[in-house]
Structures are given as C-alpha cells and as structure tokens.
Amino acid sequence: MYLDSCLIDSRPSCAFFLLINHICFDSVTIPARSFHMSSARERSEKVLEELKEKNPYFEKYASKIATVQQSSPEEFLSRLDSVEKEKKKPKFGPSKSERDYSELLKPKVSLTTEATRDSSHRKLSDIMRLELIEDKSADDIKHLWLEYHKDKDVITAAIPVEQFNLMMARAKQYPVFILPIPRSQGYEFIMLQFAANTVHFTPLLNYQVHKENAPECLNMTMFTECSDKGIVLMRGEYDTKVLNAQEAQCLANQVQLYYSQNNESKVHLLETFTKSPDKFKHMDIIEELNNLKI
C-alpha cells in the first residue's frame with residue numbers, strides 16, 4: 001500500500017449528525033431551588049447505589065465518596081459527570097476540542113500555496129527544482145519527497161504508476177463521490193471531485209449551503225513528472241480548521257481504496273452513487289469505513 005494506515009475509532013452508526021437542544025428551566029423561587037437540591041440528592045443516592053454494584057474498588061473509598069455525596073450532592077454528580085466524559089473521549093480521530101460544525105456554514109478563503117495558484121494542471125516545478133531529481137532513482141525521489149514535507153501541514157505519498165492510471169480511469173467514470181470521516185458525534189460526509197490532476201474535497205454540509213462556491217477543506221494533487229521512473233508524487237493540503245492530519249490521511253486512504261483498487265463492493269458504491277443516486281445509502285459507505293483494513 002502506498003498510503004500510511006489510518007487509525008479509525010468506532011462510532012455509533014448514524015448517517016447524519018443529530019443536534020439535540022437541551023431545554024433548561026431556571027429556578028426563580030426558593031421552593032424551586034429546594035426542589036432542585038432534593039432532586040440532586042436523590043439522583044446522587046441512585047448513582048451511589050449503582051457504583052456499589054459496578055465498581056469493584058467502591059468499598060475501599062466508600063467513606064470518602066459518602067462524605068462528598070452527603071455534603072454536596074451537586075458536586076458529587078459533577079465529578080462523576082467529568083469522569084464519564086473523560087471515558088467517552090475518542091482515542092483517535094478529532095482533536096481534543098470538538099469541532100464547531102457551524103463554522104462549516106461560513107465561507108473560507110480557498111487554500112492557496114505555491115502548488116495551488118493555478119486552477120488548471122498543477123506542476124511539480126511549482127514546488128521543487130526538477131533538475132535536482134533528474135538523476136535520482138524512484139526510491140531516492142520518494143525519500144526526498146517525504147522528508148521535504150514531514151514538518152508541514154500536508155499529507156504526501158509516492159503512488160505506483162499502475163495505481164495512478166487506474167485512479168484516473170475510474171475518476172473519468174465517477175468524478176464525484178462522498179466519503180465519511182469519524183467525528184466526536186458520529187460521522188461527517190465529505191464530498192470530493194476530480195479535476196485535472198487534483199482531487200478537491202469539501203464538507204457536504206458546506207456544499208449544500210454554498211454550492212459551487214463551497215471552499216475546499218482538502219486538495220490532493222498528483223504530479224506525473226516522475227512517472228517515467230514508475231511513481232507519481234501526491235501532495236495533499238488541508239484546512240486545519242476543518243480537518244486534522246489524521247482525518248486528511250483517512251480521506252486519502254479511502255480515495256485509494258475506491259479509485260485505485262479493484263474492490264467489487266466499493267466499485268458498486270461508486271456506480272450506484274453516480275448512476276442510481278436514489279438507491280445510494282449513506283450507511284453503506286460508513287460500513288465500508290468501519291471494515292477498512294490497510
């Protein structure tokens with residue numbers, strides 16, 4: 001495989017993000033406050049009983065736990081809530097702070113670097129001096145390419161020419177597709193489109209709001225200047241406000257699996273999405289992601 005493996009955390013099976021609005025009732029009288037305290041005490045006692053049954057270390061710390069529970073039921077519940085939130089934090093995937101999905105509704109400036117100034121066919125000479133690699137072997141070029149980018153906010157790869165050719169042939173048949181990435185609350189769908197030697201990505205939510213003006217969150221460019229040596233160099237630039245490196249790599253890995261390999265189930269999904277969109281099921285691509293093995 002030409003791409004680094006992608007760490008994927010298991011997520012609940014849901015096709016779309018569900019935003020739940022919590023309704024809060026403010027206490028405005030002394031009786032209401034007393035009721036709130038009584039309710040907190042009752043809940044804390046219930047939780048305490050559950051801890052006795054589930055936690056094998058409960059007896060060791062029973063006296064300290066009981067002291068906190070009796071003196072301040074609200075603090076007791078707050079501490080338990082903090083512990084539960086820590087346990088539910090994903091090991092992999094999103095960054096420590098959950099992403100603000102409302103930001104996707106705001107247009108962003110397109111990614112612009114030395115490799116993205118030209119919207120047509122991008123050239124390797126925009127990034128490096130080609131004369132420096134003319135006499136290099138494929139392995140040497142791959143090493144230089146990866147080393148040059150290792151401290152930058154990009155993802156890179158050296159793709160075998162055979163896989164690149166299959167990708168381009170398939171891209172002509174299926175130029176647009178969607179891919180899922182794990183998020184803290186489920187999955188987010190990212191729309192991709194092939195254009196010349198670049199694959200452009202944008203959140204599906206963003207596209208639904210801004211249509212053709214939706215800015216990309218990732219672009220993957222394939223440079224063919226070294227194809228005579230058997231490799232094609234890939235460079236992916238991503239918007240760090242929307243994706244982290246692992247999520248960008250996850251998308252790149254999925255592009256490889258759908259477009260550069262002969263996997264019957266994935267080709268069927270490309271075919272269905274393109275030619276029979278009414279029969280396409282979002283849960284199918286989530287299932288493919290959960291079964292991903294690289």
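**Figure 1. Lys211 lies in the loop that runs between helix α6 (204-210) and strand β5 (218-223).** The structure shown is a predicted model. The phi angle of Lys211 is near 55°, a positive value in a residue other than glycine. Most residues other than glycine have a negative phi. With a relative accessible area of 42%, Lys211 is partly exposed, because this class covers values between the 20% limit for buried residues and the 50% limit for exposed ones.

**Figure 2. Ala196 occupies the loop between strands β3 (186-195) and β4.** Here too the backbone angle is the point of interest. Ala196 is a residue other than glycine with a positive phi, near 55°.

**Figure 3. Thr202 is part of strand β4, which comprises residues 198-203.** The relative accessible area of Thr202 is 8%, so this residue counts as buried, the limit being under 20%. When neighbours within four places in sequence are left aside, Thr202 is in contact with Ile190, Met191, Tyr207, Ala214, Pro215, Glu216 and Cys217.

**Figure 4. Ile155 belongs to strand β1, formed by residues 154-160.** Ile155 has a relative accessible area of 4% and is therefore buried. Residues up to four places away in sequence not being counted, Ile155 touches Met234, Arg235, Gly236, Tyr238, Ala245, Ala248, Gln249 and Ala252. The view also includes Gln246: Ile155 and Gln246 are 91 residues apart in sequence, and their C-alpha atoms are 9.1 Å apart in space.

**Figure 5. Glu134, Asp135, Asp139 and Asp140 form a negative patch on the surface.** One of these residues, Asp140, lies in helix α4, which consists of residues 138-149. The relative accessibility of Asp140 is 39%, so Asp140 counts as partly exposed. Membership of a patch requires over 30% relative accessible area and no salt bridge.

**Figure 6. The whole protein, with 9 helices and 6 strands, gives the setting for the close-up views.** The protein has 294 residues, of which 40% count as buried. Its accessible surface comes to about 17700 Å², and 52% of that surface belongs to carbon and sulfur atoms. Among the contacts between residues at least 6 apart in sequence, 68% join residues at least 24 apart.

Methods. Residues are numbered from 1 along each chain as its sequence is written. This is a predicted model: local features need pLDDT of at least 70, side-chain atom pairs count only at pLDDT 80 or more; totals for chains, interfaces and linings use all residues. Side-chain values use heavy atoms; hydrogens and water are left out. Patches are made of residues with over 30% relative accessible area and no salt bridge: like charges are joined within 9 Å, nonpolar side chains (Val, Leu, Ile, Met, Phe, Trp, Tyr) within 5 Å. Accessible areas come from the Shrake-Rupley method with a 1.4 Å probe; for residues, only the protein chains shown count as cover. A salt bridge is a side-chain nitrogen of Lys or Arg within 4 Å of a carboxyl oxygen of Asp or Glu. Lys and Arg count as positive and Asp and Glu as negative; His and the chain ends are not counted. The place of a charge is taken as NZ of Lys, CZ of Arg, CG of Asp or CD of Glu. Helices (H or I, at least four residues) and strands (E, at least two) are DSSP runs, numbered from the N terminus. Buried means under 20% relative accessible area, exposed over 50%, partly exposed in between (1.4 Å probe, protein chains only). Contact means heavy atoms within 4.5 Å.
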